Amino acid sequence: MSATATTTSTRAPAAAPPTTTRPIVFKMPVPAFSDVAKPANDIINKDFYHNAAAILDVKLKAPDGLAVNAKGTSPHEGDISGSIEAKKSVAKGVTLTETWTTASFINTKLELVDVIAQGVKAEFMGVASTKQGLGLKGQKLSLYFTQGAFNARGFFDYNPTSGNVNATLDGVFGHEGFVVGGEAGYDVQKAALTKYSAAVGYSTPVYSGAVTATNNLSVFAASYYHKVNASVEAGVKAAYDTKSSSTVGLEIASKYRIDPTSFAKAKINDRGILQLAYNVKVNQGLTFGIGGSFDTQKLNEAGHKIGTSFTFEG
């Protein structure tokens, strides 16, 4: 009897491919040149109400899409000023806005979004004065182009009296949160460069920083914004004017969201000026704000300012 032996070979399981951890890339929208430092600037400058004694803002929207905004401002000194604005979409991508002011100016603006070309927004604005006849006192063309990692704008102001055109062009490139941009102004009649500025920045969903050089690279500012948590935001800005200042100006501000309908803000600068503000949405149609500015080095003297804001929506 013969026996046949069989052997069974076993293979070791294939090794799992090595895992690699890729860095998280935040795709932040590329801002316009004036918005490179916007997060910090908003914390430091917005929603402080002491600059006017009272501000009334009424925003109404009709069922057909007509939006009407009436605004009045009572300054601490001087006359009350106001305006009324009517805005209506007249066709797909076409919006017409008419504004009348208490200074007897009528502003007409026509907006075209993605009409001329995809990613292009154009604004045509004309200004007339009822005191000096209804002829146009100024005309302006603004062009905005956003595509991928590039954001560019062009502003062209025409003065009918002098026949001159002043142009301002700016652009920003962005990549993985980093942005770099520049701005230049040009006087067509004089064929001369009138101004130039530059900016760099970096943004994430939690924090952002920017350095800007404006006024022909004579005023430098560094700003930082941080979203500490869902309730607390903070910002700081340092600025230095190489032509007119020997010290660095510093501003520090914070915003605390008390609940979904209200928040409080505080800001102090290097000169000891303390600003406080409180904003609350009273109901669906009313938002109330109050704020004050106080010189902490002269608390026993006059000069402190208090202001209020009432916003009605319907």
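Here are some notes on a predicted model, going from one spot to the next.

1. Start with Lys38, which sits in helix H1, covering residues 38–45. Is Lys38 buried, exposed or something in between? It counts as partly exposed, because its relative accessibility is 36%, and the partly exposed range runs between the 20% and 50% cut-offs. Its side chain also makes a polar contact, at 2.6 Å, with the side chain of Asp42.

2. Stay with Lys38 for a moment and look for Ala210. The two residues are 172 places apart along the chain, yet their C-alpha atoms are separated by 9.1 Å. Try finding both in the viewer.

3. Next, have a look at the second largest pocket, with a volume of about 250 Å³. Which residues line it? They are Asp47, Phe48, Tyr49, Asn51, Ala52, Ile55, Asp57, Lys59, Lys71, Ser309 and Thr311. Sorted by class, that lining has 4 nonpolar, 3 polar and 4 charged residues.

4. Where does the lining of that pocket come from? Strand S1 (54–61) and strand S19 (305–313) each supply at least two of the lining residues. The largest share, 3 residues, belongs to S1.

5. Now for Gly119, which is in the loop between strand S5 (105–113) and strand S6 (120–129). Its relative accessibility is 19%, so Gly119 counts as buried; the cut-off for that is under 20%. Leaving out residues up to four places away in sequence, Gly119 touches Asp114, Tyr144, Phe145 and Thr146. The C-alpha atom of Gly148, 29 residues away along the chain, is separated from that of Gly119 by 9.6 Å.

6. Strand S10, residues 178–187, is a nice one for learning to read a strand. In a regular strand, side chains alternate between the two faces of the sheet. Which S10 residues point to the buried face? Val179, Gly181, Glu183, Gly185 and Asp187 do, and they are buried. Phe178, Val180, Gly182, Ala184 and Tyr186 point to the other face and are not buried.

7. S10 has partners to look at too. Strand S9 (residues 164–175) runs antiparallel to S10, and 10 bridges join them. One of the pairings puts Ala167 with Tyr186 of S10. The hairpin of S9 and S10 has 2 residues between the strands, and in it Glu176 takes a positive phi near 50°.

8. Then there is strand S11 (residues 192–203), joined to S10 by 10 bridges and also antiparallel to it. Here Gly181, one of the buried residues from point 6, stands opposite Ala199 in S11. How many residues lie between the strands in the hairpin of S10 and S11? There are 4, and Ala191 in this hairpin takes a positive phi near 50°.

9. Ser262 lies in strand S16, residues 262–269. It counts as buried because its relative accessibility is 2%. Setting aside residues up to four places away in sequence, Ser262 touches Arg257, Tyr278, Asn279 and Val280.

10. Last stop: Thr287, in strand S18 (residues 286–295). At 16% relative accessibility, Thr287 counts as buried. Neighbours within four places in sequence aside, its contacts are Asn279, Val280, Lys281, Val282, Ser309, Phe310 and Thr311. Asn279 and Val280 also appear among the contacts of Ser262, and Ser309 and Thr311 are among the residues lining the second largest pocket.

Conventions. Residues are numbered from 1 along each chain as its sequence is written. This is a predicted model: local features need pLDDT of at least 70, side-chain atom pairs count only at pLDDT 80 or more; totals for chains, interfaces and linings use all residues. Side-chain values use heavy atoms; hydrogens and water are left out. Buried means under 20% relative accessible area, exposed over 50%, partly exposed in between (1.4 Å probe, protein chains only). A polar contact is a pair of N or O atoms within 3.5 Å; within protein, one must be able to donate a hydrogen and the other to accept it, and residues adjacent in sequence count only if both atoms are side-chain atoms. On a 1 Å grid over the protein atoms alone, a cavity is a set of points where a 1.4 Å probe fits but cannot get out, and a pocket is an open set with protein on both sides within 12 Å along at least five of seven lines; lining residues have an atom within 4 Å of a point. Grid points are joined across faces, edges and corners, and a volume is the space filled by probe spheres set on the points. Ala, Val, Leu, Ile, Met, Phe, Trp, Tyr, Cys and Pro count as nonpolar, Asp, Glu, Lys and Arg as charged, and the others, Gly among them, as polar. Contact means heavy atoms within 4.5 Å. Two strands pair if DSSP finds at least two bridges between them.
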